[in-house]
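Me: I'm trying to get a feel for one part of this protein, and I'd like to go through it slowly. Could you take a close look with me?

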Amino acid sequence: MSAAGTLDGHAGAGSRGLGLAVIRLRAMRLLDVMVGVWIFTGGLVLFEPSPYELTFLIVLPLAFVAGLGLYRSTFGLLALLLAFVPFALIACFQVRYTPIGNALIFSIVTIFLLLTSYFVANYVAEATERRMRIVMNAYTAIAVISALVGTLAYLGIMPGADIFLRYGRAKAAFNDPNVFGPFLVLPAMYALQRILLASGRTAVVAAIIYMVLFVGVFVSFSRAAWGHFALSSLIVLVLCFWLEAAARDKVRIMIMSLVGAAMLVVALAGLLSIPQVADLFETRAAGQNYDSGETGRFGRQGYAFELALDHPLGLGPSEFHNLRIIEEPHNVYVTVLHVYGWGGGALYYLLIVLTLWRGIAALTRPSPYRLMMIPLVATFAMLVGESAIIDSDHWRHWYLLVGLIWGIASAIGNDDRRGAPRAQMLV
């Protein structure tokens, strides 16, 4: 080949390489936009498939075009996903009353949600600060809107309020108040962290967000969500005080905690001064008939666990309520044994253990990203406990939390810095 031909060949290859780089850059910019849209749709689940699932079908191919990096530190999440698939599919063929097609759809949704965790983990492991802002800004926006819609609907001062209520409790654009309430907790924890560690306008805006979300959780009248919100707030307070606060910050945090607690009490008293709120609060705070007895929540769980031990391959999705007791166990740790068999259930347990371990281990290491991890661990740890009294295996934000914890843990492991300007790292 002539010298000119060689130069032309190099020029052509360089041009193609430059073109590919431009395409990837534009795809990455579009990916960031679509991730924000996707996270925002997580609060719009009045029908199935929800916009969340449909939007992710755009996000995933965009990630491939953009050349999203896959991190070795997230491989464990992928391995759990791949190992889970055969157990979930085998369990689908154990059904006796549920159509196999419906069972397959249920398990495919679970697999799909696990895939979203893996995507999120790799997405935030790179360009962590910028991408976490994209995720949490979108999440906070839809959470605040949902809380306002739920609160206004509950108070009966918005048109078409009934669509946002169930059994007289706020649910916004969710199917159930027991999902709506916990959905609001994560952005509230990031807001609380900014209240404790930021100052000026940032802290004031965060305080308003926290209060709006607090009221939203309250009008869901989900006892589990109330406990979840309170205990997660306490964990964020303790971890920020212990791990991130300087000496002068600690005095400020103690003062703000007392003032904030007083304001919450005043807000709660104001809500309880409304007769309909006080009546429903008294009803929900008291013990419920469906919690006790042989066919109550805890009786069902005992029966469900015994049933799980007799069926190592599982019963299959939606089978339990076709048996002796028509209501679900309301305990995800029993439900996964029914729906995915012993193997799938064990992998689900392992996913929880590894996620908690990665999150807690990351907190022990000084890092600029530790601030981002504190609200995640505080929220997920309480969600794990809450799952003992509710079925959370198809909660979209549960899988988002898993992905964010794995992603931030990867970022901490890949970054040798011990610190960075606080204002830069507060999400």
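Which helix gives the most to the lining of the second largest pocket? Please start there, and then tell me about the aromatic rings too.

Reply: Sure! One thing to keep in mind: this is a predicted model. The helix you're after is helix 8, which puts 9 residues into the lining of the second largest pocket. Helix 8 covers residues 200-220, and helix 7 (185-197), helix 9 (223-244) and helix 10 (247-272) also supply at least two lining residues each.

Now for the space itself. The second largest pocket holds about 700 Å³. It is lined by 27 residues, and those closest to its centre are Tyr-210, Ser-233, Gly-260, Ala-261 and Leu-264. What kind of residues make up the lining? There are 24 nonpolar ones and 3 polar ones, with no charged residue in the lining.

On to the rings. A search of the whole structure turns up 20 aromatic pairs. Take Trp-38 and Phe-119: their ring centres are 5.9 Å apart and their planes meet at 75 degrees, and since an angle over 60 degrees counts as edge-to-face, that's what this pair is. Trp-38 belongs to helix 1 (residues 3-40) and Phe-119 to helix 4 (residues 100-125), so the pair ties together parts that sit 81 residues apart in sequence. Are these two buried or exposed? Buried means under 20% relative accessibility, so Trp-38 at 1% makes the cut, and so does Phe-119 at 5%.

Compare that with Phe-174 and Phe-183. Here the ring centres are 4.8 Å apart and the planes are at 55 degrees, so this pair is tilted. Both Phe-174 and Phe-183 are buried.

Back to Trp-38 and Phe-119 for a moment: ring pairs link them with Tyr-52, Phe-56, Phe-112 and Tyr-123 into a cluster. Tyr-123 has another partner as well, as the charged end of Arg-131 sits over its ring, 4.7 Å from the centre. You can find a similar arrangement at Phe-241, where the charged end of Lys-250 sits over the ring, 5.3 Å from its centre.

One last helix to look at is helix 15 (residues 396-414). With 19 residues at 1.5 Å a residue, helix 15 should span 27 Å, and its end C-alpha atoms are 27 Å apart, which agrees. Of those 19 residues, 17 are buried, so helix 15 is largely enclosed by the rest of the structure.

Notes:
Residues are numbered from 1 along each chain as its sequence is written. This is a predicted model: local features need pLDDT of at least 70, side-chain atom pairs count only at pLDDT 80 or more; totals for chains, interfaces and linings use all residues. Side-chain values use heavy atoms; hydrogens and water are left out. Helices (H or I, at least four residues) and strands (E, at least two) are DSSP runs, numbered from the N terminus. The expected span of a helix is 1.5 Å times one less than its number of residues. Buried means under 20% relative accessible area, exposed over 50%, partly exposed in between (1.4 Å probe, protein chains only). On a 1 Å grid over the protein atoms alone, a cavity is a set of points where a 1.4 Å probe fits but cannot get out, and a pocket is an open set with protein on both sides within 12 Å along at least five of seven lines; lining residues have an atom within 4 Å of a point. Grid points are joined across faces, edges and corners, and a volume is the space filled by probe spheres set on the points. Ala, Val, Leu, Ile, Met, Phe, Trp, Tyr, Cys and Pro count as nonpolar, Asp, Glu, Lys and Arg as charged, and the others, Gly among them, as polar. Rings of Phe, Tyr and Trp (its six-membered ring) pair if their centres lie within 6.5 Å; planes under 30 degrees apart count as stacked, over 60 as edge-to-face and the rest as tilted. A charge sits over a ring if NZ of Lys or CZ of Arg is within 6 Å of the ring centre and within 35 degrees of the ring normal.
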